[in-house]
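Visitor: Hi! I have a structure open here and would like to talk it through. Could you take me around?

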Amino acid sequence: MEKLHLDYPAGAPAAQAVLVGVVASGDLEVLIAPAAAGSCHIVIHSAADGSAARWRAQLDRLFGDGQAAAMQMEINDFGATPGVVSLRLAQALE
């Protein structure tokens, strides 16, 4: 099991708290809570060891420009495929 912490610059606080997905075989859960303006902190709990580079690349594409809302995001991954990861992140950020 791996635990990753990633920080990105952000804009205004997220409008609301969000929960999408479930923690189950081949799926993942995304929880979002508003945070102070300017900060996006993401914690990932992954059942797949050695996934840090994959997670960092995916999240750098989404949050690297600093335009996302300020939030605390927790991701609980139980072996989700890249397609499921993209779907759950899109659902949560919508």
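Guide: Happy to; we can go through the sheet, the helices and a few single residues.

Guide: One thing up front: this is a predicted model.

Visitor: Good to know. In what order do the strands of the sheet come?

Guide: Five strands make an open sheet, ordered β1-β4-β5-β3-β2, with mixed pairing. At the edges sit β1 and β2, each of which pairs on one side only. On average, neighbouring strands are turned by 10 degrees against each other, ignoring direction.

Visitor: Mixed, okay. In which sense do β1 and β4 pair, parallel or antiparallel?

Guide: Antiparallel, over eight bridges. One bridge to look at is Tyr8, whose partner in β4 is Cys40.

Visitor: And β4 with β5, parallel or antiparallel?

Guide: That pair is parallel, with seven bridges. Ser46 is opposite Asp77 of β5.

Visitor: Back to β1 for a second. Which of its side chains are buried?

Guide: Glu2, Leu4, Leu6 and Tyr8 are buried and point to one face. Lys3, His5, Asp7 and Pro9 point to the other face and are not buried. That fits a general pattern: in a regular strand, side chains alternate between the two faces of the sheet.

Visitor: Nice. Now the helices. What does α1 touch on the sheet?

Guide: α1 packs on the sheet and touches β1, β3, β4 and β5, with its direction at about 20 degrees to that of β1.

Visitor: Which residues of α1 are buried?

Guide: Ala52, Trp55, Gln58, Leu59 and Phe63. Looking down the axis of α1, these buried residues fall within an arc of 140 degrees, so they line one face of the helix. Their packing partners are β1, β3, β4, β5 and α2.

Visitor: Which exposed residues are on the face turned away from that?

Guide: Ala53 and Arg61 are the exposed residues there.

Visitor: Why would residues a few places apart in a helix point the same way?

Guide: An α-helix has 3.6 residues a turn, so residues three or four places apart point the same way.

Visitor: Does the geometry hold up? What span should α1 have, and what does it have?

Guide: With 12 residues at 1.5 Å a residue, α1 should span 16 Å, and its end C-alpha atoms are 16 Å apart, so the two agree.

Visitor: Great. Where does α2 lie?

Guide: α2 lies across β2, β3 and β5, and runs at about 25 degrees to β3. The buried residues of α2 are Val85, Arg88, Leu89 and Ala92. They cover an arc of only 100 degrees around the axis, so they are on the same side of α2. These buried residues pack against β2, β3, α1 and β5.

Visitor: An arginine in that list caught my eye. Which residues in the loop between β2 and β3 should I look at?

Guide: Asp27 is one of them, found in the loop between β2 and β3. Asp27 is in contact with Arg88, and, leaving aside neighbours within four places in sequence, its other contacts include Val22, Asn76, Asp77, Phe78 and Val84.

Visitor: So is Asp27 buried or exposed?

Guide: Buried, because its relative accessibility is 13% and the cut-off is under 20%.

Visitor: What does UniProt annotate at Ser25?

Guide: The unreviewed UniProt entry has "modified residue: O-(phosphoribosyl dephospho-coenzyme A)serine" covering Ser25. Ser25 is in the loop between β2 and β3. With a relative accessible area of 68%, Ser25 is exposed.

Visitor: Switching to another serine: where is Ser51?

Guide: Ser51 is in the loop between β4 and α1. Its relative accessibility is 3%, so Ser51 counts as buried. Leaving out residues up to four places away in sequence, Ser51 touches Glu2 and Ser46.

Visitor: Last stop: Met71. Which element holds it?

Guide: Strand β5. Met71 is buried, since its relative accessible area is 3%. Beyond its neighbours within four places in sequence, its contacts include Ala14, Ile32, Cys40, Phe63 and Leu93.

Visitor: How many residues lie between Met71 and Leu31 in sequence terms, and what is the distance in space?

Guide: Met71 and Leu31 are 40 residues apart in sequence, and 9.9 Å apart in space, C-alpha to C-alpha.

Visitor: Thanks, that was a helpful tour!

Conventions: Residues are numbered from 1 along each chain as its sequence is written. This is a predicted model: local features need pLDDT of at least 70, side-chain atom pairs count only at pLDDT 80 or more; totals for chains, interfaces and linings use all residues. Side-chain values use heavy atoms; hydrogens and water are left out. Helices (H or I, at least four residues) and strands (E, at least two) are DSSP runs, numbered from the N terminus. Buried means under 20% relative accessible area, exposed over 50%, partly exposed in between (1.4 Å probe, protein chains only). Contact means heavy atoms within 4.5 Å. UniProt positions are given in the numbering used here, feature names are shortened, and annotations may be inferred rather than shown by experiment. The expected span of a helix is 1.5 Å times one less than its number of residues. The arc is that of the directions from the helix axis to the C-beta atoms. Two strands pair if DSSP finds at least two bridges between them. Axes are lines fitted to C-alpha atoms, for helices over the stretch in contact, and angles run from 0 to 180 degrees between N-to-C directions.
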